[in-house]
Amino acid sequence: MINMATDLAIPEFFSIGSLISCKTCTNKEVEGEVLAWDPTKKVLIIKSESLTRSNHSDIQIINLDFVSEVKVKKDNNSSVQQSPCSLNVQRLKDRAEEQIRLKNQLVTALKAGVSPEGQRLFTAIKKTIEEVSWRNEDIIVMDKVCVTKPYTPDCVKPLNEKVKEERKAIDHVRKIVEKHIQDRDEGKIHQRGN
């Protein structure tokens, strides 16, 4: 592993609130306000203005072992040092585990040969209903509803044919599928118009 920071003069301490700029190993220039600094791990957390959403910030975690240049553009020399923001580590772990679980579901779908349209529908349903999974190429919702290929409203059926009482769940999922198809078709019309 290449360690770019061995000859780099990294300050022993970055003041929280300081404005810094770094050049990464991919020659990307990163600039932002220091939120946290771990000198033992050589990890810097900075906040910068979001490029995609106004009134939002991007948070970046930078491993200084992979940085070729660090500049302190504006040091926060205030006599009153801001205490670092506390992090809910358990919440971060839970979020990471959830993302890993979702990625594993996607990998399972890809291995099963699910079409891109099926994957998009799965994502659309997942935005509304938490309990969604794959069974081969079928989308299973709340262990009550099954959506089969070609993923149209007519393909929304009860998971267990004997249980017809799931009418509300079936109707709800069918509406999500209809909305997804409508949004997809409107997107195609807009693409042709441009």
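Biologist: A salt bridge is a side-chain nitrogen of Lys or Arg within 4 Å of a carboxyl oxygen of Asp or Glu. How many salt bridges does the count come to by this rule?

Modeller: This is a predicted model, where local features need pLDDT of at least 70 and side-chain atom pairs count only at pLDDT 80 or more, while totals for chains, interfaces and linings use all residues. Residues are numbered from 1 along each chain as its sequence is written, and side-chain values use heavy atoms, leaving out hydrogens and water. By the rule you gave, the count comes to 14.

Biologist: What is the distance between the closest N and O atoms of Lys 179 and Asp 183?

Modeller: Let's find them in helix 3 (residues 167-193), where they sit 4 residues apart and so are separated by about one helical turn. Lys 179, at 46% relative accessibility, is partly exposed (between 20%, under which is buried, and 50%, over which is exposed; 1.4 Å probe, protein chains only). Asp 183 is partly exposed too, at 35%. They form a salt bridge, and its closest N and O atoms are apart by 3.0 Å.

Biologist: Which residue forms a salt bridge with Glu 69?

Modeller: Glu 69 lies at 28% relative accessibility, so it counts as partly exposed. Its partner is partly exposed at 43%. With the closest N and O atoms 3.1 Å apart, the partner is Lys 71.

Biologist: And the sheet: which residue in strand 4 stands opposite Ile 46?

Modeller: The open sheet has 5 strands in the order 4-3-2-1-5, with antiparallel pairing (at least two DSSP bridges make a pair). Strand 3 (residues 43-49) is joined to strand 4 by 7 bridges. Opposite Ile 46 stands Gln 60.
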